[in-house]
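Here is a predicted model, taken up through a few questions about its labels. Each answer sets a value against a cut-off.

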Amino acid sequence: MTKQTSNIKKSKIVFQYTIRGFLFGLFFPLLIWSFLLISNKYYLNIEDIKLMHSNNPLLYIIDLAPIVIGFVTFFLAGKVSQDRMQLIEQINKNKTIISQYTNFAKQIAEDNFSVNEFEESNKNELDRTLLLMQRNFIEKQKKETELSWVTKGKEKIAEILRINTNFDDLIKETLITLIEYTNSIQGSFYIFDDEKQKLVNYYSYAYNRSKFLKNEFNIGEGLIGQAAYERDFVYRKNIPENYFTITSGIIGDKKPNVLLITPLIGNEQIQGVIEIASLNSEYPQTVISLLNELKEIIGQTLFNFKANLTTKKLLEDAQKLTDKLQKNENELRKNAKQMELTQIELEKSNAELAAKILEVETGQKRIHALLENASEVITIYDTNGIVQYVSPSVKTILGFEPEEMIGINRFERGDKILQDAFNELLKNPNIEKVFEYQYTNKNKKRVWLETRGRNLLSNPAINGIIFNTRDITVRKEAETAKRLSSEMQALSENSLDMIVRIDQAGNIYYANPMTEKFIGISSDKLTGKNINNVGLNEEILSFFKTIIHKTNIAKEEIQEETVFNIDDTKQIVQFNSIPEIGEGGVIRTFLFVVHDITESKQIELEIDKKNKDITESINYAHRIQSAIVPDMNIVKRYLPKSFMFFRPKDVVSGDLPWFMVKGDNIYIAAIDCTGHGVPGTLISFIGYFSLNNIVNKEENKSAGEILDELHIQVRKTLKQDSPDSKARDGMDIALLKINPKNNTLEFAGAHNPLLHLRGEKVTRYKGDRKAVGGKPMRQRGNKKEKTFTTHKINIEKNDKFFIFTDGFPDQIGGPEGRKYQAGRIQKEIEEKNNFSMTQYYDFFVAQFENWMKGYKQIDDVLFIGIEI
């Protein structure tokens with residue numbers, strides 16, 4: 001509007017200046033002619049004017065100036081008039097648009113959102129803004145209408161829940177109101193039965209009629225159970241064919257088109273489920289929102305109703321119980337008086353009975369005291385071997401309480417001697433059985449027992465098999481000691497060891513004949529004497545005193561080695577000092593047993609020398625083997641992303657990694673020779689030098705051909721190709737031939753596999769089921785021995801390859817003491833497919849250590865990983 005007003009003002013100024021120009025055009029020639037007239041001081045006639053014009057052509061231009069200025073002024077005035085008319089037309093048009101905007105705003109203010117005052121093709125930014133405002137008002141009105149509808153529905157249901165105190169009426173009115181309000185045709189109300197733990201159809205309604213359906217659902221079963229389990233509504237537009245429907249007399253058995261199931265939550269628990277269905281193609285979002293907001297309101301009401309019903313039932317039960325107790329109390333009062341009279345009579349009878357019981361108890365205590373302090377255990381068994389009675393003395397003799405033995409079958413504990421005697425007494429009731437045996441008492445001490453058994457089943461007072469048992473351990477030990485003493489006397493007299501018994505004061509009680517050999521003094525000159533007075537060598541005498549002192553301190557057997565020099569003869573002896581402890585734990589005597597170990601020591605020295613020689617040889621073999629084991633710095637120069645986990649079981653290993661670069665090819669292998677330690681090392685040397693010779697001799701051999709040639713050379717070296725050869729030594733191997741230039745890899749294996757990780761998947765290439773070297777596998781007919789298979793692989797970026805010997809997968813360990821297994825290695829590689837080679841190395845080293853905890857390493861371990 002500001003621009004149009006400016007154009008009108010501009011037109012007025014142009015018009016005013018045009019008029020001024022026209023007037024000036026008239027004034028200018030008049031001014032010139034006046035000047036001429038005054039300057040010439042005479043009046044000009046026509047001829048003079050013509051003469052002046054001929055002399056001065058400029059006068060013609062002056063004469064024409066008013067005409068020219070008039071035409072120009074006319075043209076400009078027309079142009080100004082046209083611009084003015086356009087401005088007036090634009091002003092009128094703007095007034096019309098303003099009128100449209102005013103009318104549009106008025107209609108919107110009056111809630112008439114259907115008005116459309118603007119043509120689609122002529123809409124400007126203001127039009128589009130007003131239309132957007134119209135759409136926002138429409139959307140807001142729609143939301144307010146939907147919210148009002150939901151609020152009204154909630155109020156209807158809330159009013160039903162508030163006014164109904166009868167559970168059945170509440171359920172029915174709630175369901176019917178929901179069906180009618182949501183324009184549904186049918187619905188069901190399920191209540192969660194706490195006892196059955198099921199959703200039970202409590203009430204159904206369809207086509208303005210109540211229906212009685214008795215269906216039940218577990219939580220999670222069907223759509224009803226699903227809604228309860230997930231605690232969220234189930235909305236289905238495509239209802240399953242087998243889903244039930246309720247037939248109407250008007251529309252037949254036509255199935256609903258849409259189904260909405262809502263769980264009812266109260267006190268954070270499922271209280272029930274509401275299901276409604278409609279013939280419409282779908283439920284509006286307002287219906288879903290309404291049921292979603294009602295699920296906790298209805299659910300909490302159901303919970304409160306259930307709680308009230310439970311409380312009511314408990315109060316009724318309590319009242320019934322109170323009435324019953326009141327009735328019982330009256331009965332008790334009636335009986336109390338009668339019981340009081342009876343009590344007086346009972347007290348009199350009890351006093352008499354107590355006197356008799358006291359008399360009996362006194363007699364029983366007397367018998368119990370006698371039996372408890374008896375030197376025998378009396379046990380009575382029934383015919384099934386069950387202990388019916390055991391005397392209290394069993395505590396003193398066997399350590400058991402009587403209650404621990406009564407009612408048990410002692411023969412089930414393995415007392416075979418007792419059982420045999422018991423069976424014999426059952427067969428022969430008239431005999432008496434006496435026998436001795438050893439028995440472990442409750443304190444885990446072995447004791448000797450003597451038992452006398454009799455069959456007294458015919459005696460009514462006993463009615464069983466009776467065993468009288470006494471402890472004869474002391475007697476048996478005395479007999480044993482006497483026997484052992486005699487046997488020791490005989491043994492010591494004929495022993496090759498020197499045996500001497502000495503007391504604390506150094507008095508010699510016994511010395512066998514071997515004393516003359518060991519200390520140069522005969523036994524008859526020692527017995528009954530003191531060690532200080534028998535002429536013992538000072539060195540030997542000092543040793544005797546020292547060993548006595550040490551034994552007194554230790555109070556247990558002491559064993560030492562020393563040297564006796566008798567007549568310039570050097571004897572290395574093993575000296576055993578055995579303390580013989582008497583009563584009160586006091587050492588009474590010392591038994592010295594001296595054994596000549598001179599010869600065994602010499603043998604031991606020889607063995608130590610041989611072991612040293614063997615150890616030096618093994619260490620030398622280790623240095624040699626270490627020299628041929630590939631240096632990982634060199635390996636990483638050609639295979640930067642690689643690792644080698646090499647752990648021999650012993651100093652030297654039967655497993656050997658082999659690495660070589662020849663031309664464009666890189667060779668790497670994991671070799672597992674027969675055995676481990678020194679034998680395996682010797683075989684590994686054969687494999688190492690043979691592989692070097694084969695590859696150096698001919699570079700173009702495939703991986704399988706290399707193993708074929710290695711097989712021939714190992715058998716030839718170990719002379720296994722002769723018919724009478726019994727040598728079966730050989731090796732398992734996994735060999736890789738890598739050509740980085742052509743991005744190819746060849747694999748050949750003798751038993752050992754290759755694991756190839758590409759992306760997230762591991763491919764396992766099995767080695768051939770034959771070893772390198774050893775006896776060839778038996779072939780049918782005249783068939784030649786099979787050659788080794790070459791597997792060719794085109795290498796892709798980030799491919800990873802793993803080869804290993806059987807030491808890792810065969811290692812025993814883990815919680816169940818089982819093998820680690822190659823399958824576990826494959827699984828770990830696949831699961832950790834994003835690991836680098838360094839991470840793989842750290843992981844498998846830790847895995848091996850943890851798996852082996854508590855177990856020894858059983859074989860050499862070699863594990864190689866390469867990423868190309």
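Q: Where does Asn 798 lie?
A: Asn 798 is in the loop between strand E26 (791-794) and strand E27 (800-804). Its phi is near 70°, a positive value in a residue other than glycine.

Q: Why does Asn 798 count as partly exposed?
A: Exposed means over 50% relative accessible area and buried means under 20%. Asn 798 has 43%, so it counts as partly exposed.

Q: What makes Lys 555 exposed?
A: The cut-off for exposed is over 50%. Lys 555 has a relative accessible area of 51%, so it is called exposed. Lys 555 is found in the loop between helix H13 (538-554) and strand E15 (558-566). Its phi is positive too, about 55°, although Lys 555 is not a glycine.

Q: Why can Tyr 638 be part of a surface patch?
A: Patch residues need over 30% relative accessible area. Tyr 638 has 38%, so it passes that cut-off. Tyr 638, in helix H15 (residues 632-638), joins Ile 634 and Val 661 in a nonpolar patch of about 220 Å².

Q: How do you know that strands E8 and E9 pair?
A: Pairing takes at least two bridges. E8 (residues 376-381) and E9 have 3, in the antiparallel sense, so they pair. Thr 379 stands opposite Val 390 in E9.

Q: Why are E9 and E10 called edge strands?
A: The open sheet of 5 strands has the order E9-E8-E12-E11-E10. E9 (387-390) and E10 (432-440) each have a single partner strand, so one side of each is left without a neighbour in the sheet.

Conventions. Residues are numbered from 1 along each chain as its sequence is written. This is a predicted model: local features need pLDDT of at least 70, side-chain atom pairs count only at pLDDT 80 or more; totals for chains, interfaces and linings use all residues. Side-chain values use heavy atoms; hydrogens and water are left out. Patches are made of residues with over 30% relative accessible area and no salt bridge: like charges are joined within 9 Å, nonpolar side chains (Val, Leu, Ile, Met, Phe, Trp, Tyr) within 5 Å. Accessible areas come from the Shrake-Rupley method with a 1.4 Å probe; for residues, only the protein chains shown count as cover. A salt bridge is a side-chain nitrogen of Lys or Arg within 4 Å of a carboxyl oxygen of Asp or Glu. Helices (H or I, at least four residues) and strands (E, at least two) are DSSP runs, numbered from the N terminus. Buried means under 20% relative accessible area, exposed over 50%, partly exposed in between (1.4 Å probe, protein chains only).
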